[in-house]
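User: I've got a structure open on my screen and I'd like to talk it through with someone. Can we go over it question by question?

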Amino acid sequence: MKKAVYEDFPCDLCGSTEAVEVPYARFYTNNQPIHVCTSCGFVYVQKRRSAQAIADAWSDELYGEGYTARIPAVKARQTYVAEFIDTSIGLKGKEVCDIGTGEGQFLEIINGGEYGASVFGTEASANNCKKLDKMGFKNFHGTIEAFAADPNYKNYKADVATIMWTLENCRSCRDMLSAAYDIVKDGGHIVVATGSRLLVPFKKPLHLYLSTNPTDTHSFRFSANTISGLLALSGFEVTHINGYIDTDYLCVIAQKKKPSAKIAWKGDDFVKVCDFFERWHRENIFYRD
């Protein structure tokens, strides 16, 4: 078997190379480190494989181990996102590109019917793309970066791009957002939703939040500040944020601005982030098997 090649990354948000390890992370990750930037407080994995290798790991190793997104919890969160988008900016008559669309259940929710959207999906799993074909949904087999660079789709533009529970699972969140910027119409919107890797106390038991999976399959942990910063640096200005503190999800909607636009953002205090993880570790003893 070919040995995996890893590359060291600076902070994806501010570009700094100064970082410290997240306290106690190695205890939960089979000795794999996770870092927090000392300049902006962004939580990220420094060592990562190629985008294709990470996509393959999800398609062939993690996603294929009996997991299906067609469980009530996933359907509930996708319905929540659909409702939040619709009540915030509307879906009817809009072209929506769902990035990392999986088995296509979000496309089912918003296509026609109550929400009335036209849909397209990009998906790294060949098996899932076959399912999308059978469901009659237009799709692209590959990453969003490959889709944005494909000359066959150079004229494709979406009113709304959605990235749900996917931005944390890629090699470069900035590359993914940059590609999304390219496929969204001027003045269009991007929607980023997450929950599994959200910095809200205490989202879930720490051993489940971190896990022993290869750390680059969950390369990022977001707060509302850092995800807004990533969007700002990618050319999107936040217009709507849900009440994420008292729900299970963070859902952010941002509008595409001109490349020359300067969009303000702020990060987190890395000392407070480290303290957050230390307290989480102390509390986690109540949830250990």
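## Walking through the model

Analyst: Sure, and keep in mind that this is a predicted model. Let's start with Ile183, which counts as buried at 4% relative accessibility.

User: Which helix is Ile183 found in?

Analyst: Ile183 has plenty around it: leaving aside residues up to four places away in sequence, it touches Cys97, Ile144, Phe147, Ala148, Tyr156, Lys157, Ala158 and Ala161. Its relative accessibility of 4% puts it among the buried residues. The helix it is found in is H7.

User: How far apart in space are Ile183 and Tyr249?

Analyst: In sequence, 66 residues separate Ile183 and Tyr249. In space, going from C-alpha to C-alpha, the value is 25 Å.

User: What about Gly41 and Gly267, how far apart in space are they?

Analyst: Gly41 is in the loop between S3 and strand S4 (43-44), and it is buried, with a relative accessible area of 2%. Its contacts, not counting residues up to four places away in sequence, are Val36, Asp268, Phe270 and Val273. Gly41 and Gly267 are 226 residues apart along the chain. Even so, their C-alpha to C-alpha distance is 6.1 Å.

User: Next, the second largest pocket. Which element gives the largest share of its lining?

Analyst: This pocket has a volume of about 280 Å³. It has 14 lining residues, and Leu199, Ser223, Asp268, Val273 and Phe276 are the ones nearest its centre. Two elements give two or more residues each, helix H9 (224-233) and helix H10 (270-283). The largest share, four residues, comes from H10.

User: How many residues in that lining are charged?

Analyst: The lining residues split into three classes, with eight nonpolar and two polar. The charged ones come to four.

User: Let's look at H9. How many of its residues are buried?

Analyst: The buried ones are Ala224, Thr226, Ile227, Ser228, Gly229, Leu230, Leu231 and Ala232. What covers them includes helix H7 (173-183), strand S10 (184-194), S11, strand S12 (236-241) and strand S13 (250-256). H9 is mostly covered, then, and of its 10 residues the buried count is eight.

User: Which residue caps the N-terminal end of H9?

Analyst: Past the other end, H9 is followed by Gly235, which has a positive phi near 95 degrees. At the N-terminal end, a side-chain oxygen lies 3.3 Å from the backbone nitrogen of Asn225. The residue supplying that oxygen, and so capping the helix, is Ser223.

User: I'm wondering about cysteines. Why is Cys11 not bonded to Cys40, and how many disulfides are there?

Analyst: Cys11 is buried, at 3% relative accessibility. Its closest cysteine sulfur is the one in Cys40, 3.5 Å away, which is too far for a bond because a disulfide needs the two sulfurs within 2.5 Å. Cys173 is in no disulfide either, as its nearest cysteine sulfur, in Cys170, is 5.8 Å away. The disulfide count is zero.

User: Is Cys173 buried or exposed?

Analyst: To count as buried, a residue must have under 20% relative accessible area. Cys173 has a relative accessibility of 0%, so it counts as buried.

User: Which backbone nitrogen lies 2.4 Å from a polar atom of the Asn284 side chain?

Analyst: Asn284 lies in the segment after H10 and is buried, with a relative accessible area of 1%. Setting aside residues up to four places away in sequence, it touches Tyr28, Pro205, Leu206 and His207. The backbone nitrogen at 2.4 Å from its side chain belongs to Leu206.

User: Asn30 and Ser211 have positive phi values. Is Asn30 buried or exposed?

Analyst: Asn30 is found in the loop between helix H1 (25-28) and strand S3 (35-37), and its phi is near 60 degrees, positive although the residue isn't a glycine. Its relative accessible area is 62%, and the cut-off for that class is over 50%, so Asn30 is exposed.

User: And Ser211, buried or exposed?

Analyst: Ser211 also sits in a loop, the one between helix H8 (206-210) and strand S11 (220-221). Its phi is near 70 degrees, again a positive value in a residue other than glycine. With 12% relative accessibility, Ser211 counts as buried.

Conventions: Residues numbered from 1 in each chain as written. Predicted model: local features only at pLDDT ≥ 70, side-chain atom pairs only at ≥ 80, totals over all residues. Heavy atoms only, no water. 1 Å grid on protein atoms, 1.4 Å probe; cavity = no way out; pocket = protein on both sides within 12 Å on 5 of 7 lines; lining within 4 Å. Points joined across faces, edges and corners; volume = space filled by probe spheres on them. Nonpolar A, V, L, I, M, F, W, Y, C, P; charged D, E, K, R; others polar. Buried < 20%, exposed > 50% of the residue type's maximum accessible area, 1.4 Å probe, protein only. Polar contact = N/O pair within 3.5 Å; in protein donor to acceptor, adjacent residues only side chain to side chain. Contact = heavy atoms within 4.5 Å.
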